[in-house]
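Me: I am new to this structure. Could you take me through it in short steps?

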Amino acid sequence: MKNDKMKNQYRVNEQIRAREVRVVGDDGASVMSTRDALDLAREQGVDLVEISPNAQPPVCRIIDYSKFLYQQKKRQKEMKQKQVKQEVKEIRFGPQTDEHDYQFKLKHAIEFLEDGNKVRAYVFFRGRSILFKEQGEVLLLRFANDLEEYGKVEQLPKLEGKKMFLYVAPKKAGVVKKSQQKRDNERREAEAKEVARQQAEENAVNNGLFANAKGGEDILKKLQEED
């Protein structure tokens with residue numbers, strides 16, 4: 001059934017209605033009358049296959065039709081295998097999710113996005129908890145901010161019935177950027193390390209041998225001048 005459908009996609013030999021065609025092959029392409037192209041195909045014991053009917057003139061190949069269909073089927077299979085299957089992973093929250101549970105679900109969301117999947121996070125409001133919908137929105141906005149490095153928001157928090165949804169799609173490989181918060185944290189850590197290093201050097205000088213040695217200050221000053 002599938003093969004019959006593929007066969008009907010192409011005109012072959014006498015089915016080709018154009019007066020002239022562009023015949024392509026390994027050695028290039030040439031425009032000729034359809035009759036001459038058919039004669040050439042017969043001489044080679046193969047078929048004239050119209051592969052691009054909308055071109056001017058239509059493009060054809062001289063090839064065994066069965067072999068051509070096999071090549072097309074193989075190409076479609078390879079393309080299908082190369083396509084990345086993207087799934088939508090769900091993360092569920094309550095309006096009063098505790099910090100430990102939040103961090104646990106954040107970790108899973110990061111893994112989902114790194115694997116190339118979308119994340120649909122939602123807060124479920126049970127009964128009177130719908131009164132805390134603002135709290136649920138704040139939670140989802142925080143979730144989106146914490147995932148900024150790994151994904152982009154496709155839909156901001158939106159209430160649908162008793163659920164408020166947030167959709168996050170993975171960022172393309174190679175374009176992941178650090179969030180401003182992470183950059184600020186790294187800068188502060190670097191500054192703190194530099195201050196600690198300078199303090200350690202100062203303590204080493206004040207408490208070291210130079211502080212107790214005769215003429216130590218002069219020696220230390222000389223070393224500093226050389227630096």
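Me: How many residues stand between β2 and β3 in the hairpin they form?
Reply: This is a predicted model, and the answer refers to that model. β2 covers residues 20-25 and β3 covers 28-33. The two strands pair in the antiparallel sense over 6 bridges, and G25 stands opposite G28. Between β2 and β3 the hairpin has 2 residues.

Me: In what order do the 5 strands of the open sheet with β1 lie?
Reply: The pairing in this sheet is mixed. One parallel pair is β2 with β5, over 3 bridges, where R22 stands opposite V59 in β5. The order is β1-β4-β5-β2-β3.

Me: Which strands stand at the edges of that sheet?
Reply: Look for strands with a single partner strand. Such a strand has no neighbour on one side, so that side is left free of the sheet. The two strands are β1 (11-12) and β3.

Me: At about what angle does α2 run to β3?
Reply: Helix α2 spans residues 34-43. The helix lies across β2, β3, β4 and β5. Its angle to β3 is about 120 degrees.

Me: Which residues of α2 are buried?
Reply: What covers them includes β2, β3, β4 (47-52) and β5 (59-63). On the other side of the helix, R35 and E43 are exposed. The buried residues are T34, A37, L38 and A41.

Me: Why are the buried residues of α2 on the same side?
Reply: An α-helix has 3.6 residues a turn, so residues three or four places apart point the same way. The buried residues here are T34, A37, L38 and A41. They sit on the same side of α2 because the arc they cover around the axis is only 100 degrees.

Me: What phi does G45 take, just after α2?
Reply: Most residues other than glycine have a negative phi. G45 follows α2 and has a positive phi. The value is about 75 degrees.

Me: Which residue other than glycine has a positive phi near 50 degrees?
Reply: Look in the loop between β1 and β2, where N13 is found. With a relative accessible area of 18%, this residue falls under the 20% cut-off, so N13 is buried. The residue with phi near 50 degrees is N13.

Me: What is omega for the cis peptide bond from Q56 to P57?
Reply: Most peptide bonds are trans. This one is cis, and P57 is found in the loop between β4 and β5. Omega is near -10 degrees.

Me: What is the order of the open sheet of 4 strands?
Reply: Its pairing is mixed. β6 (88-93) and β8 (151-160) each have a single partner strand, so they stand at the edges. The twist averages 15 degrees from one strand to the next. The order is β6-β7-β9-β8.

Me: Which residue in β7 is the bridge partner of F93?
Reply: β6 pairs with β7 (residues 118-124) in the parallel sense. That pairing runs over 6 bridges. The partner of F93 is V123.

Me: What angle does the direction of α4 make with that of β6?
Reply: Helix α4 covers residues 99-114 and packs on the sheet. The helix touches β6, β7, β8 and β9 (163-170). The angle with β6 is about 170 degrees.

Me: And what angle does α5 make with β9?
Reply: Helix α5 (residues 133-146) also packs on the sheet. α5 touches β6, β7, β8 and β9. The angle with β9 is about 5 degrees.

Me: At roughly what angle do the axes of α4 and α5 cross?
Reply: The axes come within 11 Å. Residues that meet there include Y102 and L106 in α4, with L139 and F143 in α5. The crossing is right-handed. Its angle is roughly 45 degrees, which makes α4 oblique to α5.

Me: Is G161 buried or exposed?
Reply: G161 lies in the loop between β8 and β9. Its C-alpha atom is separated from that of I130 by 9.8 Å, and the two are 31 residues apart along the chain. The relative accessible area of G161 is 62%, over the 50% cut-off, so this residue is exposed.

Technical notes: Residues numbered from 1 in each chain as written. Predicted model: local features only at pLDDT ≥ 70, side-chain atom pairs only at ≥ 80, totals over all residues. Heavy atoms only, no water. Pairing = 2+ DSSP bridges. Axes fitted to C-alpha atoms, helices over the stretch in contact; angles between N-to-C directions. Contact = heavy atoms within 4.5 Å. Buried < 20%, exposed > 50% of the residue type's maximum accessible area, 1.4 Å probe, protein only. Arc of directions from axis to C-beta. Parallel < 35°, antiparallel > 145°, perpendicular 65-115°, else oblique. Left-handed = near helix turned anticlockwise from the far one by under 90°.
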